[in-house]
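User: Hi, could you help me look at a protein model? I'm new to this, so I'll ask short questions and follow up as we go.

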Amino acid sequence: MKRLGSRLERWASGRFPDAYYRLVQRPRLRLRFAAEKELANGVRLSHSERRSILFFTTQKCASRYVSGVINALAGPAGMMHADYDAYVSMVRVPPGQNPFGGALHTSFVPRGYYYGPIGTFRSIPGMDEYSVILQLRDPRDMLTSLYFSTAYSHAVISPKMIRRRKESLAMTIDEFVTYEVGEYLPIYEEYCRQLAKNPHILFLKYEDMVSDFETWLDRLGRHIGLNDQVSALAGIRKEASFSVQSEDIYAQRRQVTPGDHKRKLQPDTINHLNQAFETVLRQLQY
């Protein structure tokens, strides 16, 4: 029944995006971000003394899945989750209340919270007091996956998403990924400068999560100091699955096998991506 409901929602959001946003998504948003609003205003909602977690990533790196894993470990330990990125992107936040604006010093607390996923580098004050994670994916595969997500499967969560869907459907996949280089190359470059080579920050790869989940999970749990959450870890292992029986462009998990850009893009487009991301690919060892 839940799967049928998800399919109906995908169909409705794809066929009638404006009505779907107005009648379904916008009413949901009024109830969703009460905690984030309070936290951004400096209200203390967690009394845990565990070191807070910052999870940096970008689009199509399994950010929602990884966030769920972190939250499954952090929640039983008494930590509170704050998804500021979703709050800012889905709600019209007044400038003075934007957690990534002037309120950084009150929006982020080094004990008791999990903040993420954060989709671009933010200079959080006192970052060395946090457990920091960065997960990325081969940017060529990320952009390939982003096309299908934007054009077909991503939830219609904002007027901006409606506009981006219409724009992407008017492009070929090669035109789309070439255009999006301008947005995502700077994000990858900044992550390389600020986080990827920092020995105190855990850098994880999407590809390692898919190919060797046990090692990936162990590294994650140890870095954030939550390997003591035995029951939660057992549940995560039991539910973990990255197999895709058949490719469905409307599915959130369309394709997980590395190298998908080689199967979907034209040779000239691949050459363009290789040149644009040359330094990033070398630094991240792709």
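User: To start, which residues of helix 14 are exposed on its other side?

Analyst: This is a predicted model, and in it P267, D268 and Q275 are the residues exposed on the other side of helix 14. The buried ones in this helix, which spans residues 267-276, are T269, I270 and L273. These three cover an arc of only 100° around the axis, which puts them on the same side of helix 14.

User: Why would residues a few places apart end up pointing the same way?

Analyst: An α-helix has 3.6 residues a turn, so residues three or four places apart point the same way.

User: OK, new topic. What's the strand order in the sheet?

Analyst: The order is 2-3-1-4-5 in an open sheet of 5 strands, and the pairing is parallel. The edge strands are strand 2, residues 80-82, and strand 5, residues 202-205, each of which pairs on one side only. From one strand to the next, the twist averages 20°.

User: And strand 1, which strands does it pair with?

Analyst: Strand 1, residues 53-56, pairs with strand 4, residues 131-136, in the parallel sense over 4 bridges, and it also pairs with strand 3 in the parallel sense over 3 bridges. If you follow single residues, L54 has V132 as its bridge partner in strand 4 and stands opposite Y115 in strand 3, while the bridge partner of F55 in strand 4 is I133.

User: Are the side chains of strand 1 buried or exposed?

Analyst: I53 and F55 point one way from the strand, L54 and F56 point the other way, and all of them are buried.

User: Which helices lie across strand 5?

Analyst: Helix 9, residues 173-196, lies across strand 5 as well as strand 1, strand 3 and strand 4, and it runs at about 145° to strand 4. Helix 11, residues 213-223, lies across strand 4 and strand 5, running at about 160° to strand 5.

User: Switching again: how many aromatic pairs are there?

Analyst: A search of the whole structure finds 14 aromatic pairs. One of them is formed by F100 and F108, a tilted pair with 6.0 Å centre to centre and 40° between the planes, and both of these residues are buried.

User: What about F108 and Y115, why is that pair called tilted?

Analyst: The ring centres of F108 and Y115 are 4.7 Å apart and their planes are at 50°, so the pair is tilted, given that angles under 30 degrees count as stacked and those over 60 as edge-to-face. F108 is buried with a relative accessible area of 5%, and Y115 counts as buried at 1% relative accessibility.

User: Which residues do the ring pairs link into a cluster?

Analyst: The ring pairs link Y84, F100, F108, Y113 and Y115 into a cluster.

User: Last one: where does pLDDT stay under 50?

Analyst: It stays under 50 over residues 244-254, for which the model has 28 contacts beyond four places in sequence. Where pLDDT is low, the predicted coordinates should not be read in detail. For the chain, the average pLDDT is 86, and 81% of the residues score at least 70.

Conventions:
Residues numbered from 1 in each chain as written. Predicted model: local features only at pLDDT ≥ 70, side-chain atom pairs only at ≥ 80, totals over all residues. Heavy atoms only, no water. Pairing = 2+ DSSP bridges. Helix = DSSP H or I, 4+ residues; strand = E, 2+ residues; numbered from the N terminus. Axes fitted to C-alpha atoms, helices over the stretch in contact; angles between N-to-C directions. Contact = heavy atoms within 4.5 Å. pLDDT = per-residue confidence, 0-100. Buried < 20%, exposed > 50% of the residue type's maximum accessible area, 1.4 Å probe, protein only. Arc of directions from axis to C-beta. Phe/Tyr/Trp six-rings, centres within 6.5 Å; stacked < 30°, edge-to-face > 60°.
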